[in-house]
Amino acid sequence: MASYEDFYNIVRSIPEGRVSSYGVIARLAGLPGQARQVGYALGALPHASDVPWHRVVNARGEVSARKGGSASEKIQRLLLEHEGLVFDEHGRLDMVCAAWPDIQTRCD
DNA sequence: CTAATGACGTAGA
DNA sequence: ATCTACGCCATTA
């Protein structure tokens, strides 16, 4: 039976400067279609966790909006930009090159 | 026990 | 490309 730890371990394997999506994490954890649980799991992370939760965005390549407009959204974007990622004018990332695992090589 | 909710995704219009 | 509707299911009310 899968647990939050499974999600956390996968997220921990995302390289710096790369991102993945909730749906992908769920699939890698063997629970396709349960993307919401991934977000739920990340939201339950303690503040001092070693899990790079900020490297998980939605399938559109944007930082998902929290319910109460939490400050973690801004934090997430700042952390990602700090890792070299660039958001376009729509607040989205280039998922073809930034997504992990690699979908397509040739982003150079 | 049932109903609503949500860091999501996909299909169809 | 954007928008809506629906499926998903653990957690909460």
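This tour moves through a predicted model of a protein with DNA, one selection at a time.

**First stop: DNA strand B**

Begin by selecting DNA strand B together with the residues around it. There are 17 such residues, and Arg36, Ala59, Ser64, Arg66 and Lys67 come nearest. Sugar and phosphate make up 53% of the strand B atoms that come within 4 Å of the protein.

Next, display the side chains of three residues in turn. In serine 64, a side-chain N or O atom is 2.6 Å from a phosphate oxygen of DNA strand B. In lysine 67, a side-chain N or O atom is 3.0 Å from a phosphate oxygen of DNA strand B. Tyrosine 22 reaches a base: one of its polar side-chain atoms lies 3.2 Å from a base nitrogen of DNA strand B.

Which helix gives the most to the surface near DNA strand B? Helix 3 does, with six residues. Helix 2, residues 22–28, and helix 3, residues 35–43, each supply at least two residues of this surface. Colouring the surface by residue class shows six nonpolar, eight polar and three charged residues.

**Second stop: DNA strand C**

Now select DNA strand C. The residues that surround this strand are Tyr4, Gln34, Arg36, Gln37, Tyr40 and Arg92. Of the strand C atoms within 4 Å of the protein, 83% belong to sugar or phosphate, and the rest belong to bases.

Three side chains deserve inspection here. Glutamine 37 has a polar side-chain atom 2.7 Å from a sugar or linking oxygen of DNA strand C. For tyrosine 40, the corresponding distance to a sugar or linking oxygen of DNA strand C is 2.5 Å. Arginine 92 has a side-chain N or O atom 2.9 Å from a phosphate oxygen of the strand.

Helix 3 again appears, as it provides the largest share of the surface near DNA strand C, namely three residues. By class, the residues of this surface are two nonpolar, two polar and two charged.

**Third stop: helix 1 against helix 3**

Hide the DNA and select helix 1 and helix 3. Two packed helices are described by the angle between their axes and the distance between the axes. Here the angle is about 85°, and the axes are 10 Å apart. Helix 1 is therefore roughly perpendicular to helix 3, since angles of 65 to 115 degrees are described in this way.

Show the side chains where the two helices meet. Helix 1 brings Tyr4, Phe7, Tyr8 and Val11, and helix 3 brings Gln37, Val38, Tyr40, Ala41 and Leu42. This contact consists of eight nonpolar residues, one polar residue and no charged residues.

**Fourth stop: arginine 18**

Select arginine 18, which is found in the loop between helix 1 (4–12) and strand 1 (20–21). Is arginine 18 buried or exposed? Arginine 18 is buried, because its relative accessible area is 18% and the limit for buried is under 20%.

Leaving out residues up to four places away in sequence, arginine 18 touches Arg55, Cys97, Ala98, Ala99, Trp100 and Asp102. A polar atom of its side chain lies 3.5 Å from the backbone oxygen of cysteine 97.

**Fifth stop: proline 101**

Then move to proline 101, in the segment after helix 5 (95–98). Most residues other than glycine have a negative phi, and most peptide bonds are trans. The peptide bond from tryptophan 100 to proline 101, however, is cis, with omega near 0°.

**Sixth stop: histidine 54**

Select histidine 54, in the loop between helix 3 and strand 2 (56–57). Histidine 54 is buried, with a relative accessible area of 9%. Its contacts, not counting residues up to four places away in sequence, are Gln76, Leu79, Leu80 and Glu83. With glutamate 83 there is a polar contact between side chains, at 3.0 Å.

**Last stop: arginine 77**

Finally, select arginine 77 in helix 4, which covers residues 72–82. Arginine 77 is partly exposed, with a relative accessible area of 32%. Apart from neighbours within four places in sequence, arginine 77 is in contact with Val63, Phe87 and Gly91.

To end the tour, add arginine 55 to the selection. How far apart in space are arginine 77 and arginine 55? They are 9.3 Å apart from C-alpha to C-alpha, and 22 residues apart in sequence.

How values were computed: Residues numbered from 1 in each chain as written. Chains lettered and ligands numbered in written order. Predicted model: local features only at pLDDT ≥ 70, side-chain atom pairs only at ≥ 80, totals over all residues. Heavy atoms only, no water. Near = heavy atom within 4 Å. Polar contact = N/O pair within 3.5 Å; in protein donor to acceptor, adjacent residues only side chain to side chain. Helix = DSSP H or I, 4+ residues; strand = E, 2+ residues; numbered from the N terminus. Nonpolar A, V, L, I, M, F, W, Y, C, P; charged D, E, K, R; others polar. Buried < 20%, exposed > 50% of the residue type's maximum accessible area, 1.4 Å probe, protein only. Contact = heavy atoms within 4.5 Å. Axes fitted to C-alpha atoms, helices over the stretch in contact; angles between N-to-C directions. Parallel < 35°, antiparallel > 145°, perpendicular 65-115°, else oblique.
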